[in-house]
Amino acid sequence: MAFEPPQRLVRALGETERNGAADWLVKLPELVQQVVDLRELTVERVQAPGGRSSLAVLVRQADGTPAVLKLAPPWARPESERAALAHWGGFGAVQLLDGDGREGVLLLERLHPEMSVRSLPEAKALLEAAGTLRRLWVEPPAGQVFESVAERTGRQAEAMRTSAAADAEVAPLVDAALAAREELLASAPQARLLHGTFRQSKVLAGERMPWLAVGPDPVVGECAFDLARLVRDRVEDLIASPSGASITRRRVKRLAESLELDQERLRGWTLFRAVESGVRARRVGRPQDAELLLEFAGWL
């Protein structure tokens with residue numbers, strides 16, 4: 001199957017600084033063809049702009065049922081995604097139809113990629129997204145294969161310290177974010193299986209249910225960590241608003257109350273995740289994104 005990978009995927013893999021990213025991209029057309037032939041799928045088109053860590057191809061199964069073929073490199077943890085989707089069983093998330101995460105191949109229920117919660121007015125989008133997220137917060141399966149929030153943020157914290165040591169401008173925010181992380185982990189409530197990278201664009205319209213989550217990078221930990229990324233959705237609009245800081249604080253309060261979470265814990269994880277994303281954007285050469293994220297973090 002000859003095709004050009006979506007530019008969003010190419011750019012994102014270029015920022016990962018991982019060995020093997022370029023080779024995986026080169027081999028991607030051949031990998032797709034092998035999987036399509038093996039599973040007797042008919043290709044409709046590559047989904048674009050697509051995701052930042054995987055390729056999605058719209059296909060039909062041998063019986064004509066529409067589906068999505070997803071291929072992801074090993075560092076995107078496809079086996080972890082497969083295990084989470086299997087555990088959720090289609091409740092609140094896209095249905096896993098087939099696939100072996102160890103090979104980076106997942107066959108998924110076809111949703112409506114052109115229609116995400118982000119297309120709704122902001123207040124309605126936050127309400128629907130939060131309701132979807134609540135369905136995913138379940139007990140982790142026995143013999144879990146998932147990272148913990150402590151493990152994931154531990155790696156991120158090391159990278160943040162390195163960046164702060166070389167960039168005095170971000171050091172105060174990094175210090176505040178790291179202090180918040182230590183305090184939060186010292187008193188963490190009961191752990192749940194979390195989506196891990198949840199935001200409005202990760203919730204798509206479906207047939208079985210109005211809205212279903214896609215693209216998890218699952219992790220086990222407290223629910224406030226999962227909700228934190230949703231707080232900064234549409235950050236560019238928040239920054240452009242003269243009352244962006246007060247809107248952000250109200251959003252933290254409203255989301256925490258709607259999902260019965262501690263407001264200060266949500267604020268702390270929102271701070272950590274915004275600073276981590278901002279510092280990473282700065283490190284990989286996305287200064288505009290970094291500026292937005294770090295200004296947002298300063299409001300918290």
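In this predicted model, Val174 touches Met160, Ala164, Val275 and Val279, once its neighbours within four places in sequence are set aside. Val174 also turns up in the largest nonpolar core, a group of 74 residues. Along with Leu227, Leu255, Leu266, Trp269, Val275 and Phe296, Val174 touches the most other members of that core. There's a second, separate core too, made of 20 residues, with Leu13, Ala67, Leu69 and Val105 among them.

Next come the aromatic rings. Searching the whole structure turns up three aromatic pairs. In one of them, Phe225 and Trp269 meet edge-to-face, with 5.2 Å from centre to centre and 90° between the planes. Phe225 belongs to helix H7 and Trp269 to helix H10 (residues 263–283), so this pair ties together parts that sit 44 residues apart in sequence. Phe225 counts as buried because its relative accessibility is just 1%, and Trp269 is buried as well, at 0%. Trp269 also pairs edge-to-face with Phe272, this time at 5.9 Å centre to centre and again with 90° between the planes. These two are about one helical turn apart, because they're three residues from each other in helix H10. Phe272 is buried, at 0% relative accessible area. Put together, the ring pairs link Phe225, Trp269 and Phe272 into a cluster.

Then there's Arg234, in the loop between helix H7 (223–231) and helix H8 (235–240). Arg234 is buried but has no salt bridge: Asp237, the nearest side chain of opposite charge, is 5.2 Å away. What the Arg234 side chain does reach, at 2.9 Å, is the backbone oxygen of Leu120. Beyond four places in sequence, the contacts of Arg234 include Val117, Arg118, Pro121 and Gln200.

Technical notes: Residues numbered from 1 in each chain as written. Predicted model: local features only at pLDDT ≥ 70, side-chain atom pairs only at ≥ 80, totals over all residues. Heavy atoms only, no water. Helix = DSSP H or I, 4+ residues; strand = E, 2+ residues; numbered from the N terminus. Buried < 20%, exposed > 50% of the residue type's maximum accessible area, 1.4 Å probe, protein only. Lys, Arg positive; Asp, Glu negative; His and termini not counted. Salt bridge = Lys/Arg side-chain N within 4 Å of Asp/Glu carboxyl O. Polar contact = N/O pair within 3.5 Å; in protein donor to acceptor, adjacent residues only side chain to side chain. Contact = heavy atoms within 4.5 Å. Core = buried A, V, L, I, M, F, W, Y, C linked by side-chain atoms within 4.5 Å. Phe/Tyr/Trp six-rings, centres within 6.5 Å; stacked < 30°, edge-to-face > 60°.
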